[in-house]
Amino acid sequence: AKDVSRITSGQVIIELVSAVKELIDNSIDAGADKIEVTFGEYGTKFLEITDNGCGIDVSDYEALCLKYHTSKLSSFEELSLVSSLGFRGEAMSSLCSVATISVVTSSKSTFPRATQLTYDNMGKLKNKKSSVTGKKGTSVTMTDLFKDLPVRLKNFNKHSKREYTKSLSLIIAYLLAYTNIRFTVFSIGANGRRQMVLGTPGGLTKLTDVMVSVYGSNGQYGLLPLEIEELKIEARFRLNTDYAPTKLALKLLGVISDSSFGMGRSSTDRQFISINKRPVVHKKLAKIINEVYRSFNATQSPVFVLNLELDTHFLDINITPDKRSVMIHTEELILDVIREQLTAFYESKNN
Ligand code: ADP
Ligand code: MG
């Protein structure tokens with residue numbers, strides 16, 4: 001029975017980057033506006049994520065890491081309206097099945113006391129210790145990733161630098177989607193030295209300024225603010241009788257390269273899409289944006305950081321365990337609107 005649970009839940013955490021994603025999701029869901037991530041030797045020694053969010057309810061300590069335990073969904077109908085990043089209650093339990101998890105948390109009701117919680121591989125609460133910290137929020141420390149999975153462990157140790165780099169790219173996607181959050185990322189090397197590798201100011205920082213924080217002073221080079229809005233889809237959409245959204249507004253908001261700028265043609269590493277602020281991989285949408293841009297500038301690729309705001313009725317975020325790919329109902333219709341409007345945007349800039 002033990003083995004089965006490890007296989008089924010372990011599927012969520014197949015790489016370091018999945019652990020990073022799940023823990024950041026939880027911090028954002030907790031309402032944090034300050035998140036600190038620390039990698040110990042590229043994550044092979046530890047990964048720690050500290051937030052100043054709401055903290056964990058005392059009543060959740062016991063079941064926190066049990067499968068399907070979540071404080072975020074109260075009824076099944078809510079699934080289509082979910083606005084939190086997590087909702088399955090699987091991440092903490094699958095983290096426990098592949099690593100050692102320790103949590104320090106302080107909520108409004110326990111502050112200034114904090115409680116340290118440790119869990120076993122099955123997600124059962126193993127130890128509880130109280131102390132005074134004076135810091136509200138939660139810190140999750142993961143050690144011994146893949147310690148009982150020799151093949152994955154070997155692979156991880158061999159490619160840890162690559163896994164770490166991949167994790168940093170994902171963090172960049174988050175800090176561009178959540179410019180209001182103050183992110184700090186540290187890396188601790190084998191020599192014990194701590195180095196800051198990423199940092200954003202948070203608060204009311206403009207997206208272009210976050211680009212500068214991440215990529216240096218050229219980070220905002222040639223970027224234009226983009227705001228596409230379409231309110232008419234509802235009318236078109238009503239033709240489809242078996243699917244009737246209560247309201248619809250499509251909005252695509254962010255920054256994109258001016259058609260006279262851009263980056264090298266093959267380079268697409270500064271292209272970020274989020275849907276309802278959930279950083280996603282959406283190849284079709286990325287392709288359309290690139291195609292439109294290239295019809296105005298055939299030799300470059302655009303830089304873009306865009307959030308697509310859609311009514312949750314249009315989304316199926318339950319599609320992959322890590323929710324990185326999202327299905328959009330009536331996708332073609334929505335993509336057509338974006339293609340049309342983005343073309344009009346560049347046409348107006350070129351006149
Ligand atoms: P989900 O996010 O789908 O609810 P998780 O397994 O990721 O499931 O987390 C389980 C529960 O643990 C959450 O519902 C939440 O109550 C609590 N939790 C986890 N991390 C944090 C955090 N950083 N701050 C506050 N609560 C947290
Ligand atoms: Mg979660």
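This text goes through a predicted model, beginning with its sheet and ending with the residues around ligand 1.

Start with the sheet. Eight strands make up an open sheet, and the pairing within it is mixed. Read across, the strands come in the order β5-β4-β3-β6-β2-β1-β7-β8. Two strands, β5 (125-132) and β8 (194-199), stand at the edges. Each of them has a single partner strand, so one side of β5 and one side of β8 are left without a neighbour in the sheet. On average, neighbouring strands of the sheet are turned by 15° against each other, with direction ignored.

The edge at β8 can be followed residue by residue. Strand β7, residues 182-188, pairs with β8 over five bridges, in the antiparallel sense. For I188, the bridge partner in β8 is R194.

A helix lies against this sheet. Helix α2 packs on it and touches three strands, β1 (34-40), β2 (46-51) and β6 (137-143). The direction of α2 makes about 15° with that of β2.

Helix α2, residues 16-29, also leads to the ligand. Both α2 and α3 (91-98) supply at least two residues each to the shell around ligand 1. Of the contributions to this shell, that of α2 is the most, at four residues. There are 24 residues around ligand 1, and those that come nearest are N26, A30, T70, G86 and A91.

What is the make-up of the shell around ligand 1 by class? It has 10 polar residues, seven nonpolar and seven charged.

Key: Residues numbered from 1 in each chain as written. Chains lettered and ligands numbered in written order. Predicted model: local features only at pLDDT ≥ 70, side-chain atom pairs only at ≥ 80, totals over all residues. Near = placed C-beta within 6 Å. Nonpolar A, V, L, I, M, F, W, Y, C, P; charged D, E, K, R; others polar. Pairing = 2+ DSSP bridges. Axes fitted to C-alpha atoms, helices over the stretch in contact; angles between N-to-C directions. Contact = placed C-beta atoms within 7 Å.
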